[in-house]
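Take a moment with the sequence and the 3D structure below. Find the strands and helices by eye before reading on.

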Amino acid sequence: MTKYFSVASMQDVLLAQESRTIFEKVNLEVASGEFVYLIGKTGSGKSTILKALYADLPVEDGKIIVAGYRVNHLEHAEIPFLRRKIGIVFQDFQLFTDRSVFENLAFVMRATGWIDKVAIQHRIDKILKQVGIDDLMYKMPHQLSGGEQQRVAIARALLNDPLIVLADEPTGNLDPTIANDILNVFVEINKAGTAVLMATHHHNFLKKHPARVFYCENGQVKDIDRNLVIQKMTD
Ligand SMILES: Nc1ncnc2c1ncn2[C@@H]1O[C@H](COP(=O)(O)OP(=O)(O)OP(=O)(O)O)[C@@H](O)[C@H]1O
């Protein structure tokens, strides 16, 4: 029997942006291997939640634990260790434009302690196959479509075999067909065992791939029934 454990949690967390309170008491939990959507209107705080989880936002009060790390009590020097246990994917890909796909990935690997060139090559081969772009290994980012660039960014997030991938609007820059393809990449990653927490405005994803939903509204994060969102879409 599979044993589940918590890979990300917030307990009574107070989050502020430039001294303005955005959330007063967030409570949430993502279990190992889960897929959870994070939705809510523009400005409702989705990115704020994700930033707090990957230690990019000072936390005013409460307790955040991600991949076993007590995030809001981490020393600055410990943050890279947390980040090795999580993958982060952004809307705007954030690739090095002056390096090939291979070099984008190899750079991150060397920076996170990989030394053996053969191991690096094997890992990159495997991850690029997993996200369906192994034929693009030596292309430069400008030679790739938006969807392909996002697949590179997803590959980068997976290099160190994270427990959870935090994705902030990963399909926001892509047209609907490509957005669906990228959703499927996340679904496959999740089926392989990695938890996914995805902030998205693409509510049709909930129909295509039903999963738990955290809904940000009025300074709260609610664990809501996905059917409510689907119902709203069809109203
Ligand atoms: N760096 C910042 N400095 C000051 N205020 C900020 C900053 N980043 C976000 N905010 C504010 O915090 C609130 C929550 O923003 P956040 O980006 O988390 O929302 P969001 O739900 O991710 O929005 P979107 O869907 O547009 O990406 C907003 O009112 C926003 O203006």
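This report walks through the sheets, the helices, the core, the ligand shell and a few single residues. The model is a predicted one.

## The four-stranded sheet

Start with an open sheet of four strands. Its order is β2-β1-β4-β5, and the pairing is antiparallel. Strands β2 (20-31) and β5 (69-70) stand at the edges. Each has a single partner strand, so one side of each has no neighbour in the sheet.

Look at the pair in the middle of that order. Strand β1 covers residues 6-17 and strand β4 covers residues 61-66. Five bridges join them, and they run antiparallel. On this pair, L14 stands opposite D61 in β4.

A helix goes with this sheet. Helix α1 lies across β1, β2 and β4. It runs at about 120° to β1.

## The six-stranded sheet

Another open sheet has six strands, in the order β6-β7-β8-β3-β9-β10. Here the pairing is mixed. The edge strands are β6 (86-89) and β10 (220-224). Each pairs with a single strand, so one side of each is left without a neighbour in the sheet. On average, neighbouring strands of this sheet are turned by 20° against each other, direction ignored.

Strand β7 (residues 164-168) and strand β8 (residues 195-199) run parallel. Five bridges join them. A167 stands opposite M198 in β8.

Helix α6 (residues 176-191) packs on this sheet. It touches β3 (35-40), β7 and β8, and its direction makes about 155° with that of β8. Helix α5 (residues 146-158) lies across β6 and β7. Its angle to β6 is about 165°.

## The core

In soluble globular proteins, nonpolar side chains tend to be buried together. The largest nonpolar core of this model has 69 residues. Which residues have the most contacts inside it? They are L38, L53, I164, L166, V196 and L197.

Take I164 as an example. Leaving out residues up to four places away in sequence, I164 touches V7, A8, V30, A67, I86, T194, A195 and L197.

## Helix α1 and the ligand

Is helix α1 largely enclosed or largely open? Seven of its eight residues are buried, so the rest of the structure largely encloses it. The buried ones are K46, S47, T48, I49, L50, A52 and L53. After the helix comes A55, whose phi is positive, near 60°.

Helix α1 (residues 46-53) also gives the largest share of the shell around the ligand: three residues. The whole shell is Q17, E18, I22, G40, T42, G43, S44, G45, K46, S47, T48 and E169. By type, the shell divides into one nonpolar, eight polar and three charged residues.

## Four residues in their places

The table sets four residues side by side. A residue counts as buried with 20 or more C-beta neighbours within 10 Å, as exposed with 12 or fewer, and as partly exposed in between.

| Residue | Place | C-beta neighbours inside 10 Å | Class |
|---|---|---|---|
| F81 | helix α2 (residues 79-85) | 13 | partly exposed |
| F93 | loop between β6 and α3 (101-111) | 21 | buried |
| E169 | loop between β7 and α6 | 19 | partly exposed |
| Y69 | strand β5 | 18 | partly exposed |

Why is F93 buried? It has 21 C-beta neighbours inside 10 Å, so it reaches the cut-off of 20 or more. E169 has 19, so it counts as partly exposed.

Now check the backbone. Most residues other than glycine have a negative phi. F93 has a positive phi of about 65°, although it is not a glycine. E169 is not a glycine either, and its phi is positive at about 50°. E169 is also one of the residues around the ligand.

Finally, compare sequence and space. F81 and T112 are 31 residues apart in sequence, and their C-alpha atoms are 8.8 Å apart. Y69 and P141 are 72 residues apart in sequence, with 33 Å between their C-alpha atoms. Y69 has contacts too: leaving aside neighbours within four places in sequence, it is in contact with L74 and L82.

Methods:
Residues numbered from 1 in each chain as written. Predicted model: local features only at pLDDT ≥ 70, side-chain atom pairs only at ≥ 80, totals over all residues. Core = buried A, V, L, I, M, F, W, Y, C linked by C-beta atoms within 7 Å. Contact = placed C-beta atoms within 7 Å. Near = placed C-beta within 6 Å. Helix = DSSP H or I, 4+ residues; strand = E, 2+ residues; numbered from the N terminus. Nonpolar A, V, L, I, M, F, W, Y, C, P; charged D, E, K, R; others polar. Pairing = 2+ DSSP bridges. Axes fitted to C-alpha atoms, helices over the stretch in contact; angles between N-to-C directions.
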